[in-house]
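Thanks for coming. I will go through one structure today, starting with a pocket and ending with some backbone details.

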Amino acid sequence: MSVLRPDAQVHFGVFFQGVNHTTIWSDPQSGSQIDFETFRKIITTAERGLFDAFFLGEGLRLREQQGKILDLDIAGRPDAIAQLAALAGITEHIGLVATQNTTYNEPGDLARRLAGLDILSDGRAGWNAVTTDNAWTGENFRRGGFLDHELRYERAGQFIQAARAIWDSWENGEPTRVQQSTSQFDIELDATLPRSAQGHPVIFQAGDSPQGRDFAAANADVIFSRHGTHFDEALTFANDIRSRLRKAGRPEDDIKILPGTQIVLAENANEVEEKERWVREGQFTGPTALSLIGLVWGRDLSDLDPDGPLPADDPVPAPISATRGAFRDGKDPIELAREWRALAEAKNLSLRQVAIETTARSGFAGTPGQVADELTRWVREGATDGFNISPYIVPGGLDEIVDWLVPELQERGAYRTEYTSTTLRGHLGLREPLTRRKSGETDSSAAG
């Protein structure tokens, strides 16, 4: 059921993913994954477009395939907080969101570093709290898979509880001792920093399982969801989160939902299909298609022609590797190969074309006016509060959004025309941090 909000405005963040194959890294206009100039260009463009936040992904280990570093994705992932601290110095308004892991960090240290970013930026920091339980990542920390899967959200919840206690512990100009003993942590420390202008860094969360949704309803300020393509799925997700918030004793609008999405714009309607095809083909280069199809066949296919047919032999059943993710979505590889061969024969598709055809399209494509109408509908019918945009090329892919789409949204009264706050919490219209609210304040309306 839609939740009508006729005056709601679209919130935008930009998501710099880092390692992935959906960014067109092979294009001559693509920037370096690690050079500061790439980050500078993206964030200053986003701030020119009055975006709420720059959202930086982070991985604690490089991706591998068949035991080797995957060189088809861009290799290299700088520390998120270090990058954002540098970007704080060249921006004035935009929020700075760092992805940080609750499994392989410790609350005292991470809370201090996030508080440092928050103070340095005068209240613009956010924390995308993620969990990891796989031994592959853990090897980089000499721990392996030390955390059972069912405990990852238990640890994450206790981690956030401890971080908030640390942020709250500075009273009347000096710290008070923080002491917490739980199943995951035994903490006794004095905070080294006071609270920032926004009280606490804004907490983002991205889990989509029932456990992850409950965790978000209990802890998060913002959900970075994966439902940024199909309206009905997004609305169902939003309604489910609203229900979980009520059960958690929070107002149903206490969390902002910003799904990740991709936006492809063309100035004229008759150019949209061609532009979208160019993006798809750039995302699925020949080597990338061979690598992805190889995940299903269970072997290296680099000796094949990506513009030729699928392999003649059947896949070799093998466990899904945690080092790259699953392209086959849990399906039996032999059955999947049979389906793909039938598809290729029916449509006369090459191996590369099969990879493109069988990967779900994501996001929105259209003229600026068409996309502005659709995004406005999503927000004003309660399916989302905005979107976290992954440009299909960096750093220049955001220019079309800012120069073409933002003015269309502004004409519809669906996007800000200037920043009216100085903090990330203020940009998003969030209430005070959960632990800073007085009794009875949970039902008060959100900040503008």
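**Notes on a pocket, a helix and the cores**

In the lining of the second largest pocket, the biggest contribution is that of α7, which supplies 4 residues. Before I go further: this is a predicted model.

The pocket itself, second largest by rank, has a volume of about 540 Å³. Its lining is made of 30 residues, and those nearest the centre are Q9, H11, K256, D385 and L428. As for elements giving two or more residues to that lining, they are α7 (231-247), β13 (256-257) and α14 (424-428). Sorted by class, the lining comes to 13 nonpolar, 9 polar and 8 charged residues.

Two of those helices deserve a residue each. From α7 I picked L245. Is L245 buried or exposed? L245 is buried, because its relative accessible area is 0%. Setting aside residues up to four places away in sequence, L245 touches A217, R250, P251, E252, D254 and I255. L245 also has its C-alpha 8.7 Å from that of A216, with the two positions 29 residues apart along the chain.

From α14 I picked R425. R425 has a relative accessible area of 4%, so this arginine counts as buried. Which residues does R425 touch, not counting those up to four places away in sequence? The list is Q198, H200, P201, V202, D221, L430, R431, E432 and P433.

Next, helix α1. This helix covers residues 36-48, 13 residues in total, and spans 18 Å from first C-alpha to last, close to the 18 Å expected at 1.5 Å a residue. The buried residues in α1 are T38, F39, I42, I43, T45, A46 and E47. What covers them? The cover includes strands β1 (11-16), β2 (53-56) and β5 (95-101), together with helices α2 (80-88) and α13 (399-411).

After α1 comes L50, with a positive phi near 60°. L50 sits in the loop between α1 and β2, and it has this positive phi although it is not a glycine. For background, most residues other than glycine have a negative phi, and most peptide bonds are trans. L50 has 12% relative accessibility and therefore counts as buried.

L50 brings us to Q410, a residue of helix α13. Leaving aside neighbours within four places in sequence, Q410 is in contact with L50, Y415, R416 and T417. Buried, partly exposed or exposed: what is Q410? Q410 is partly exposed, because its relative accessibility is 26%, and the buried class stops under 20%. Q410 also pairs up with Q9 across the sequence: the two are 401 residues apart along the chain, yet 9.2 Å apart in space, C-alpha to C-alpha. Q9 was named earlier, as one of the residues nearest the centre of the second largest pocket.

Now the nonpolar cores. The largest has 68 residues, and the members with the most contacts inside it are F12, F51, F54, W127 and L405. Helix α5 (residues 152-168) provides the largest share of this core, 8 residues. There is also a second, separate core of 18 residues, with V296, L301, L349 and L351 among them.

Take F51 from the largest core as a worked case. Leaving aside neighbours within four places in sequence, its contacts include F12, G13, V14, A46 and I94. Further along the chain, F51 is in contact with I389, L398, I401, V402, Y415, R416 and Y419. Y415 and R416 appeared a moment ago as contacts of Q410, and A46 as a buried residue of α1.

Last, two more backbone details. Like L50, N172 is not a glycine, and N172 has a positive phi of about 55°. Where is N172? N172 is in the loop between β7 (170-171) and β8 (174-175). Its relative accessible area is 79%, so N172 is exposed, whereas L50 is buried.

The other detail is a cis peptide bond, from V394 to P395, with omega near 5°. P395 lies in the loop between β17 (386-389) and α13. α13 is the helix that holds Q410, and it is also one of the elements covering the buried residues of α1.

That is what I have; questions are welcome.

How values were computed. Residues are numbered from 1 along each chain as its sequence is written. This is a predicted model: local features need pLDDT of at least 70, side-chain atom pairs count only at pLDDT 80 or more; totals for chains, interfaces and linings use all residues. Side-chain values use heavy atoms; hydrogens and water are left out. On a 1 Å grid over the protein atoms alone, a cavity is a set of points where a 1.4 Å probe fits but cannot get out, and a pocket is an open set with protein on both sides within 12 Å along at least five of seven lines; lining residues have an atom within 4 Å of a point. Grid points are joined across faces, edges and corners, and a volume is the space filled by probe spheres set on the points. Ala, Val, Leu, Ile, Met, Phe, Trp, Tyr, Cys and Pro count as nonpolar, Asp, Glu, Lys and Arg as charged, and the others, Gly among them, as polar. The expected span of a helix is 1.5 Å times one less than its number of residues. Buried means under 20% relative accessible area, exposed over 50%, partly exposed in between (1.4 Å probe, protein chains only). Contact means heavy atoms within 4.5 Å. A nonpolar core is a set of buried Ala, Val, Leu, Ile, Met, Phe, Trp, Tyr and Cys residues joined through side-chain atoms within 4.5 Å.
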